[in-house]
Amino acid sequence: MRRAALSIALLLLAAGCRSSSSGDGPSSGERIRRFPSPANVDTLWAEATFFTDHEEIFDRDLIDKEAILPIALRVGWRGQDTLNPRLTETFDAHLYLQDGTALDWLPIDSIRIGKDEVEDQVRRLSLDLSLLGSWETAQDGFIYFRVPEKNVAINGTLVTTFGGGVQRELDLLGSLLAFTVSTTQGDREVFVGLSSDTWPGR
């Protein structure tokens, strides 16, 4: 189910994504429609945010210095909870850029940063993989994605990808976040677009 839904979504993205050869210069993906945020599956709701002031949040530019993209995720249930939803090791998040490039999720235990105080902040603000509460009480928690520096560059909300002699300019906010929530009725695949904001603190 996830593969079929994801394939359709990525085909729509790719259809609107203009590319150029490296000799012609980059092209823009500004006209591509963005995915909705928040999104809901059954009683599950999710909202994903790219905080443009992330360097101030972590006292380090994680993208530039560590090749790590921080995305804040808020997820919970609305209405009557009958699913007992929780985030577990099957969470398996991916961030799909507009041209289909996938950024892999970094579990918090796999992240190593040279500055202890930055690593402590990364861990403190990370999303808690546990039983989910109601949407009204849910808080943002960060999840982190590895940026493959050889073929992806991120500057603000502008993403440039390289491959096969082609360079593309994409809108980070046109990306699609996919992850899995475990429930008593089986796994639920959740897809949600990104919005941007500045960090309100915690």
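Is threonine 180 buried or exposed? With a relative accessibility of 4%, threonine 180 counts as buried, where buried stands for under 20% relative accessible area, exposed for over 50%, and partly exposed for what lies in between (1.4 Å probe, protein chains only). The structure is a predicted model, so to speak of local features takes a pLDDT of at least 70, and side-chain atom pairs count only at pLDDT 80 or more, while totals for chains, interfaces and linings use all residues. Residues are numbered from 1 along each chain as its sequence is written, and side-chain values use heavy atoms, with hydrogens and water left out.

Threonine 180 sits in strand β11, residues 176-181. Its C-alpha is 6.4 Å from that of aspartate 92, although the two residues are 88 apart in sequence. As for the chain as a whole, it holds four helices and twelve strands; these are DSSP runs numbered from the N terminus, with helices being H or I over at least four residues and strands E over at least two. Of its 202 residues, 47% are buried. Looking at contacts (heavy atoms within 4.5 Å) with a separation of 6 or more, 70% of them are between residues 24 or more positions apart.

Next comes helix α4, residues 116-124. Here Val118, Glu119, Gln121 and Val122 are buried. These four belong on the same side of α4, because they cover an arc of only 160 degrees around the axis, the arc being that of the directions from the helix axis to the C-beta atoms. Some background helps: an α-helix has 3.6 residues a turn, so residues three or four places apart point the same way. Asp116 and Arg124, on the other side of α4, are exposed. And what lies over the buried residues of α4? The cover includes α2 (54-58), α3 (62-66) and β7.

Then there are the charged pairs. The whole structure has seven salt bridges, each one a side-chain nitrogen of Lys or Arg within 4 Å of a carboxyl oxygen of Asp or Glu. One of them ties α4 to a loop: aspartate 109 pairs with arginine 123, with 3.7 Å between the closest N and O atoms. This pair joins distant parts of the chain, since aspartate 109 is in the loop between β6 (102-106) and α4 while arginine 123 is in helix α4, 14 residues away. Aspartate 109 is exposed, at a relative accessible area of 58%, whereas arginine 123 is partly exposed, at 28%. Glu119 joins in too, as Asp109, Glu119 and Arg123 form a network of salt bridges.

A second bridge brings together the side chains of arginine 78 and glutamate 136, at 4.0 Å from N to O. These residues are 58 apart, with arginine 78 in the loop between β4 and β5 (94-96) and glutamate 136 in the loop between α4 and β7 (141-146). Arginine 78 counts as partly exposed at 33% relative accessibility, and glutamate 136 as exposed, with a relative accessible area of 54%. Aspartate 64 and lysine 65 make another salt bridge through their side chains, at 3.9 Å from N to O. Aspartate 64 is exposed at 52% relative accessibility, and lysine 65 is exposed with a relative accessible area of 52%.

Two backbone angles on either side of α3 deserve a look. Aspartate 59, in the loop between α2 and α3, has a positive phi near 55 degrees in spite of not being glycine. Alanine 67, in the loop between α3 and β4, likewise is not a glycine and has a positive phi of about 55 degrees. Aspartate 59 is exposed, with a relative accessible area of 57%, but alanine 67 is buried, with 4%.Finally, the largest pocket has a volume of about 230 Å³. On a 1 Å grid over the protein atoms alone, a pocket is an open set of points where a 1.4 Å probe fits, with protein on both sides within 12 Å along at least five of seven lines, and lining residues have an atom within 4 Å of a point. Of the 19 lining residues, Val75, Leu127, Asp128, Leu132 and Gln139 are the closest to the pocket's centre. Strand β4 (residues 68-77) gives the largest share of the lining, four residues.

Note on methods
Grid points are joined across faces, edges and corners, and a volume is the space filled by probe spheres set on the points.
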